[in-house]
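Student: Can you walk me through this protein? I'd like to go piece by piece.
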Amino acid sequence: MELAKRFSVQKPSGMVRVFQAIEKMQDVLNLSIGEPDFVTEPDIIEAGAKGAMEGFTHYPPLQGYLDVREAACAYWERHHGYKSSPDNVYISVGGLHIPWLAFSALLNPGDEVMLIEPYFTPYEAQIRGNGGVPVIIRTHEENNFTPTIEDLRAAATPRTRGIILNYPGNPSGRVASLKQLEEIAEFVEERDMFVLSDEIYESMIFNGGKHICFANIDGMKERTLLASGVSKSHCMTGWRLGYLFAPQNVINTMCVLSSFQTYGVNALSQKAAAYALNTQDEKVRERAEIFGERMKFVASRLNLMKGVKCHPAEGAFYLFPDISGTGLTSEEFTWQLLNTAKVAVVPGSAFGSTGEGYIRIACTQSMETLTESMEKMEEFCMRF
Ligand code: PMP
C-alpha cells in the first residue's frame, strides 16, 4: 500500500534497530531499556482499581480530572518550589505526547525549533510532523552537553521560535548548571522564544545538587511549557500518564486538539497518578538512591575498561560513556558487543551526530545483571 510521503522516508532509529534485534535473541543482558525495572507500587494499583469501582469509567474531562491536576501542582511545589494552578495543567497520554501537542499548538509551517544534541530521538520527528524545522545544536561533553549563549546566537534565524531543553537528559544523563540555564534564559528572552522543558527525570539527581526547574528562572514561567509525568518517578510507564504546565492559551488549545485525537486520558490512570503524586515521596527518594548506587558502580567499572571513559552519574538513569578509545564507532561498538557478548546498549549516534563515539547505558537492571554485564563488557574491550 502506498504510504504518505512524509512517512515513507521514516526508518527505524538506531535505538529501535537494537530493540528489534534483541527481540529475536535469547539471554541478552539488556542495558538499553529507558524505563525503571520496578513495578508500580501495589497501593498505586489499588488506587486505580478503586477509581474504577467508584465509577470513574466514563469519558474524563479533556484537560484531565481536577484531583490529578491539583496533585501535579502540589508535587512540583513541594519538590521544586514551582507554583502553578490546576487551570494551567494538562494531563496527557504519557510524557511523549506533550511535545507533539506543543508543536501542533505553537508552530506555523517552517518555524524553527532548536534541538540540542544528543537529544531524545522522538523530538525530531515531532517537530517535523507538525510542520516545523529542527535546528540542530551540537554540544560538547566538557560543557555537560549544554550549549553556550554564543552557540545559540550563532544558530538563530528570524524563523527560530522555540528550543527544547531536557535536563536531566536522555541520553546523556547530564544536568545543566544554573549558570548555563540562566544563559539560555537570557537568549530566550532576547529572541522572544518559547521553551519546551522536558523535566521527566526531575526525581533523579545524583550529584548532591537539586533539580533546577527552568520555569523558576526569572521571566521564564510565561515562556515555558514544563513537561513531566509519572512514568519514571513513580515507575508507571504502562499507565501512560504525563502532564504539562503551560500558559492558559496553550492548555486551552491542547484540550481542543484532544477533542479530536484522544478525548482525554484513561480515567483509571488518572486516579492512580493522583494518588501516586500525593503519597509516594519516600518511595521516589528511595528509588533514586538505588539508581544512584547503580550508576556509581557502573561508571566506576566502565572507567577501568580499555578505551572507555565515563563521567560520574549526574541524573536520570543513563550513563553516556565515551568509547572512542576503542577505535570503534558507536554503531560498531554496539553491534559487536551485542553479537559477541550479548550485552545490549544503544549507540550514541542514535541521538544525533554529537553522540558519535558514545554509547547509552541504562542502569535499569538489578545489580546482579549490571555486574555480569560489566564483566562481559570489560572482556570485550580487552580486544581493542
Ligand atoms: N521524555 C524523555 C526525555 C524520555 O526519556 C521519555 C521516555 N523515555 C519521555 C519523555 C516519555 O515518557 P512517557 O513514557 O511518559 O511517555
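Tutor: Sure. Keep in mind that this is a predicted model. Let's start with R240, which counts as partly exposed because its relative accessibility is 33%.

Student: Where is R240 in the chain?

Tutor: R240 lies in the loop between strand 7 (224–229) and strand 8 (241–245). Its phi is positive, about 55°, although R240 is not a glycine.

Student: And F145, what is its phi?

Tutor: Phi of F145 is near 55°, and that residue is not glycine either. F145 lies in the loop between strand 4 and helix 7 (149–155).

Student: Is F145 buried or exposed?

Tutor: Buried. Its relative accessibility is 4%, and the cut-off for buried is under 20%.

Student: OK, new topic. Which way do strand 3 and strand 4 run?

Tutor: They run parallel. Five bridges join strand 3 (residues 112–116) to strand 4 (residues 133–137). One pair to look for is V113 opposite P134 in strand 4.

Student: How does the chain get from strand 3 to strand 4?

Tutor: Through helix 6 (residues 122–129). That makes a β-α-β crossover, and it is right-handed.

Student: What about strand 3 and strand 5, how many bridges there?

Tutor: Four, in the parallel sense. V113 turns up again: its bridge partner in strand 5 is G162.

Student: And strand 5 with strand 6? How many bridges?

Tutor: Strand 5 and strand 6 (residues 194–198) pair over four bridges, in the parallel sense. G162 stands opposite F194 in strand 6. From strand 5 the chain crosses through helix 8 (residues 178–191) to strand 6, in a right-handed β-α-β crossover.

Student: How many residues of strand 5 are buried?

Tutor: Five of its six, so strand 5 is mostly covered. Helix 5 (residues 97–106) is mostly covered too, with seven of its ten residues buried.

Student: Which ones in helix 5 are buried?

Tutor: H97, I98, P99, L101, A102, F103 and L106.

Student: Let's do the other sheet. What is the strand order in the open sheet of three strands?

Tutor: The order is 9-12-11, with antiparallel pairing. Strand 9 (318–319) and strand 11 (346–347) are at the edges. Each has a single partner strand, so one side of each has no neighbour in the sheet.

Student: How many bridges join strand 11 to strand 12?

Tutor: Two. In one of them, P347 has I359 in strand 12 as its bridge partner.

Student: What comes after strand 12? I see Q365 there.

Tutor: Q365 is in the loop between strand 12 (359–362) and helix 13 (367–381). It counts as buried because its relative accessibility is 17%.

Student: What does its side chain reach?

Tutor: The side chain of Q365 reaches the backbone oxygen of N30 at 2.7 Å.

Student: And V343, how far is it from L31?

Tutor: In sequence, V343 and L31 are 312 residues apart. In space, the C-alpha to C-alpha distance is 7.0 Å. V343 is found in strand 10 (residues 343–344), and at 0% relative accessibility V343 counts as buried.

Student: Switching to empty space. How many cavities of 30 Å³ or more are there?

Tutor: Five, from a search of the whole structure. The largest cavity has a volume of about 140 Å³. Of the 16 residues that line it, the closest to its centre are I116, P118, Y119, N166 and Y167.

Student: What kinds of residues make up that lining?

Tutor: For the largest cavity, eleven are nonpolar, four polar and one charged.

Student: P118 is in that list. Where is it, and what is its peptide bond like?

Tutor: P118 is in the loop between strand 3 and helix 6. The peptide bond from E117 to P118 is cis, with omega near -10°. The bond from N170 to P171 is also cis, with omega near 20°. P171 is found in the loop between strand 5 and helix 8.

Student: Last one: how much space lies in the largest pocket?

Tutor: About 510 Å³. The largest pocket is lined by 24 residues, and G34, L96, F120, N170 and K232 lie nearest its centre.

Student: Which helix gives the most to that lining?

Tutor: Helix 2, with three residues. The lining of the largest pocket divides into eleven nonpolar, eight polar and five charged residues.

Note on methods. Residues are numbered from 1 along each chain as its sequence is written. This is a predicted model: local features need pLDDT of at least 70, side-chain atom pairs count only at pLDDT 80 or more; totals for chains, interfaces and linings use all residues. Side-chain values use heavy atoms; hydrogens and water are left out. Two strands pair if DSSP finds at least two bridges between them. A crossover is right-handed if, with the strands pointing away from the viewer, the path from the first strand over the helix to the second runs clockwise. On a 1 Å grid over the protein atoms alone, a cavity is a set of points where a 1.4 Å probe fits but cannot get out, and a pocket is an open set with protein on both sides within 12 Å along at least five of seven lines; lining residues have an atom within 4 Å of a point. Grid points are joined across faces, edges and corners, and a volume is the space filled by probe spheres set on the points. Ala, Val, Leu, Ile, Met, Phe, Trp, Tyr, Cys and Pro count as nonpolar, Asp, Glu, Lys and Arg as charged, and the others, Gly among them, as polar. Buried means under 20% relative accessible area, exposed over 50%, partly exposed in between (1.4 Å probe, protein chains only). A polar contact is a pair of N or O atoms within 3.5 Å; within protein, one must be able to donate a hydrogen and the other to accept it, and residues adjacent in sequence count only if both atoms are side-chain atoms.
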